[in-house]
Amino acid sequence: MASTSGFLGGIAGNPADVLNVRMQHDAALPAAQRRNYAHALDGLIRMTREEGWRSLFRGVAPNSMRAVLMTASQLASYDGFKKLILSHTPLSDNLYTHFSASFLAGFVATTICSPVDVIKTRIMSAKEREGLRGILGRVYRVEGVAWMFRGWVPSFVRLGPHTVVTFLFLEQHKRVWRVLHGEREESGLVV
């Protein structure tokens with residue numbers, strides 16, 4: 001279920017992601033190569049008019065794969081870390097446990113998604129279409145293996161707190177739901 005929701009979310013959000021990458025990358029381009037979108041709506045309209053509707057889905061495969069990896073790795077690692085913390089530390093099922101498990105899940109998700117993030121960004125910011133094999137070969141020749149973790153720290157700075165807040169909210173929501181429905185508190189995995 002997590003993989004499916006991530007995959008569909010990746011497809012639905014792809015046009016906005018392409019636009020975001022392009023608008024951020026625009027300032028780094030020489031003046032003659034800049035797209036100079038006035039705002040987001042202008043960017044979407046111009047992308048469609050100048051490059052066709054398919055440009056909105058440039059990089060949809062790595063973007064969807066990233067969303068699958070992100071969602072699945074966050075959920076699986078959160079559950080695993082929470083279980084480990086509960087069974088191997090004196091912590092109980094409380095805010096400290098939820099914070100620790102979600103922080104570690106953010107670390108895992110950022111690390112797993114980093115190579116896909118780099119490729120996704122390269123595909124989405126490219127002016128011409130280049131195949132995945134070509135991009136991987138070029139990036140590896142120029143940057144070596146380190147390309148896989150380029151931008152890891154900024155990604156973690158964004159994703160770490162996002163993951164922590166998501167799971168803290170989820171756990172508190174579960175507690176409130178149980179109280180409202182007369183269920184007793186129980187320690188365990190996210191259901």
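Let's start at Asn36, which is exposed in this predicted model, with a relative accessible area of 52%. The cut-off for calling a residue exposed is over 50%, so at 52% Asn36 earns the label. You'll find Asn36 in the loop between α1, residues 2–26, and α2, residues 40–51. Now look at its backbone: Asn36 has a positive phi of about 50°, although it is not a glycine. Why point that out? Because most residues other than glycine have a negative phi.

From that loop, let's step to the two helices on either side and talk about charges. How many salt bridges does a search of the whole structure find? Eleven. I'll walk you through a few.

The one I'd like you to find is between the side chains of Arg22 and Glu51, at 2.7 Å from N to O. This pair links distant parts of the chain: Arg22 belongs to helix α1 and Glu51 to helix α2, and they are 29 residues apart. Are the two partners buried or exposed? Arg22 counts as buried, with a relative accessibility of 0%. Glu51, on the other hand, is partly exposed at 35%.

Stay in α2 for the next pair. Glu50 and Arg46 also meet through their side chains in a salt bridge, this time at 2.9 Å, N to O. Here both residues are in helix α2, four residues apart, which is about one turn of the helix. Glu50 is exposed, with a relative accessible area of 52%, while Arg46 is partly exposed at 21%. The line between buried and partly exposed is drawn at 20%, so at 21% Arg46 goes into the partly exposed group.

Let's move along to helix α6, residues 152–180. Lys174 and Glu171 both lie there, three residues apart, again about one turn of the helix. They form a salt bridge whose closest N and O atoms are 3.5 Å apart. Lys174 is buried, with a relative accessible area of 10%, and Glu171 is buried as well, at 2%. This pair has company, too: salt bridges with shared partners join Lys82, Asp93, Glu171, Lys174 and Arg175 into one network.

While we have α6 on the screen, how does it sit against other helices? Take α3, residues 60–88, to begin with. The axes of α3 and α6 come within 12 Å and cross at roughly 60°. That angle makes α3 oblique to α6. If you look at the handedness, the crossing of α3 and α6 is right-handed.

Then there is α4. It packs with α6 at an angle of about 140°, and their axes are 7 Å apart. What do we call that arrangement? Angles have to be over 145 degrees to count as roughly antiparallel, so α4 and α6 are oblique to each other. The crossing of α4 and α6 is right-handed.

Last stop, and we can stay with α4, which covers residues 95–125 and includes Leu104. Which residues make a nonpolar surface patch with Leu104? They are Phe99 and Phe103, and with Leu104 they form a patch of about 250 Å². Leu104 itself is partly exposed, with a relative accessible area of 33%. Patch residues need over 30% relative accessible area, so at 33% Leu104 clears that bar.

That's my tour, and I'm happy to go back to any of these spots with you.

Terms used
Residues numbered from 1 in each chain as written. Predicted model: local features only at pLDDT ≥ 70, side-chain atom pairs only at ≥ 80, totals over all residues. Heavy atoms only, no water. Patch = residues over 30% accessible without salt bridge, like charges linked within 9 Å, V, L, I, M, F, W, Y side chains within 5 Å. Areas by Shrake-Rupley, 256 points an atom, 1.4 Å probe, with all protein chains shown as cover. Salt bridge = Lys/Arg side-chain N within 4 Å of Asp/Glu carboxyl O. Buried < 20%, exposed > 50% of the residue type's maximum accessible area, 1.4 Å probe, protein only. Axes fitted to C-alpha atoms, helices over the stretch in contact; angles between N-to-C directions. Parallel < 35°, antiparallel > 145°, perpendicular 65-115°, else oblique. Left-handed = near helix turned anticlockwise from the far one by under 90°.
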